[in-house]
Structures are given as C-alpha cells and as structure tokens.
Amino acid sequence: MLDYAAAEKTYEELGYRTTLSLDDRLNWGKCLMNQRKYSEAADILEPLMVGEQVAEYVQKVWNQCSEQLYV
C-alpha cells in the first residue's frame with residue numbers, strides 16, 4: 001500500500017500503454033508527491049488544471065504540489 005516507488009512504475013507503464021483516467025493521473029501525481037518528486041508530480045498534474053471546471057480535489061492536490069515547488 002505504501003510502496004510509492006512501485007506504484008510510480010505501475011502508473012508510468014500504464015501511461016505508456018493506455019490513456020489514464022483523471023483519477024489515475026491524480027493518484028500518480030500524489031504518489032510522486034509522497035516521494036517528494038514535486039517537479040515530476042507537477043508535470044502529471046498540470047494538464048488536469050486545464051479546462052473550464054477543475055475538480056475541487058484536483059485543485060487541492062495541485063495547490064499542495066505548487067506550494068512545495070516554491071519552498
């Protein structure tokens with residue numbers, strides 16, 4: 001459950017093979033953040049911020065990530 005490195009590899013492989021859902025991409029970003037890979041997480045999360053209506057939980061995760069990038 002807390003093996004973030006293995007989860008990261010799984011999401012990366014899935015991303016190469018198929019289109020990931022919003023939830024999958026969000027979880028991938030959170031997985032990277034839990035490893036303190038905020039720049040990589042931002043690359044995954046940033047496309048989720050594009051659009052007219054951004055889900056509130058996506059906005060919260062993005063805010064957490066961007067705060068860490070500026071620290």
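Below is a short chat about helix packing and cysteines in a predicted model.

Reader: Let's start with H2. How many residues does H2 have, and how far does it reach?

Author: H2 has 13 residues. From its first C-alpha to its last it reaches 18 Å. That is close to the 18 Å expected at 1.5 Å a residue.

Reader: Which residues of H2 are buried?

Author: Leu26, Trp28, Gly29, Cys31, Leu32 and Met33.

Reader: And what do the buried residues of H2 pack against?

Author: Three helices: H1 (4-17), H3 and H4 (56-70).

Reader: Take H3. At what angle do H2 and H3 pack?

Author: At about 170°. H2 covers residues 22-34 and H3 covers residues 38-45. Their axes are 8 Å apart.

Reader: Are H2 and H3 roughly parallel or antiparallel, then?

Author: Roughly antiparallel. Angles over 145 degrees count that way.

Reader: Which residues make the contact?

Author: From H2, they are Arg25, Leu26, Trp28, Gly29, Leu32 and Met33. From H3, they are Tyr38, Glu40, Ala41, Ile44 and Leu45.

Reader: How do the residues of that contact divide into nonpolar, polar and charged?

Author: Eight are nonpolar, one is polar and two are charged.

Reader: What follows H2?

Author: Arg36 follows H2. The phi of Arg36 is positive, near 65°.

Reader: New topic. How many disulfides are in the whole structure?

Author: Zero.

Reader: Why is there no bond for Cys31?

Author: Distance. The closest cysteine sulfur is in Cys65, and it is 13 Å from the sulfur of Cys31. That is too far for a bond. A disulfide needs the two sulfur atoms within 2.5 Å.

Reader: Is Cys31 buried or exposed?

Author: Buried, because its relative accessibility is 4%. The cut-off for buried is under 20%.

Reader: And Cys65, buried or exposed?

Author: Cys65 is buried too, with a relative accessible area of 0%.

Reader: Now Glu8. Where is Glu8 found?

Author: In helix H1.

Reader: Glu8 is charged. Does it count as buried or exposed?

Author: Glu8 counts as buried, because its relative accessibility is 13%.

Reader: What does Glu8 touch?

Author: Leaving out residues up to four places away in sequence, Glu8 touches Trp28, Cys31, Leu32, Gln35 and Lys37.

Reader: I've seen some of those names before. Which of them are buried in H2?

Author: Trp28, Cys31 and Leu32 are among the buried residues of H2. Trp28 and Leu32 also take part in the contact with H3.

Key:
Residues numbered from 1 in each chain as written. Predicted model: local features only at pLDDT ≥ 70, side-chain atom pairs only at ≥ 80, totals over all residues. Heavy atoms only, no water. Axes fitted to C-alpha atoms, helices over the stretch in contact; angles between N-to-C directions. Helix = DSSP H or I, 4+ residues; strand = E, 2+ residues; numbered from the N terminus. Parallel < 35°, antiparallel > 145°, perpendicular 65-115°, else oblique. Contact = heavy atoms within 4.5 Å. Buried < 20%, exposed > 50% of the residue type's maximum accessible area, 1.4 Å probe, protein only. Expected span 1.5 Å × (residues − 1).
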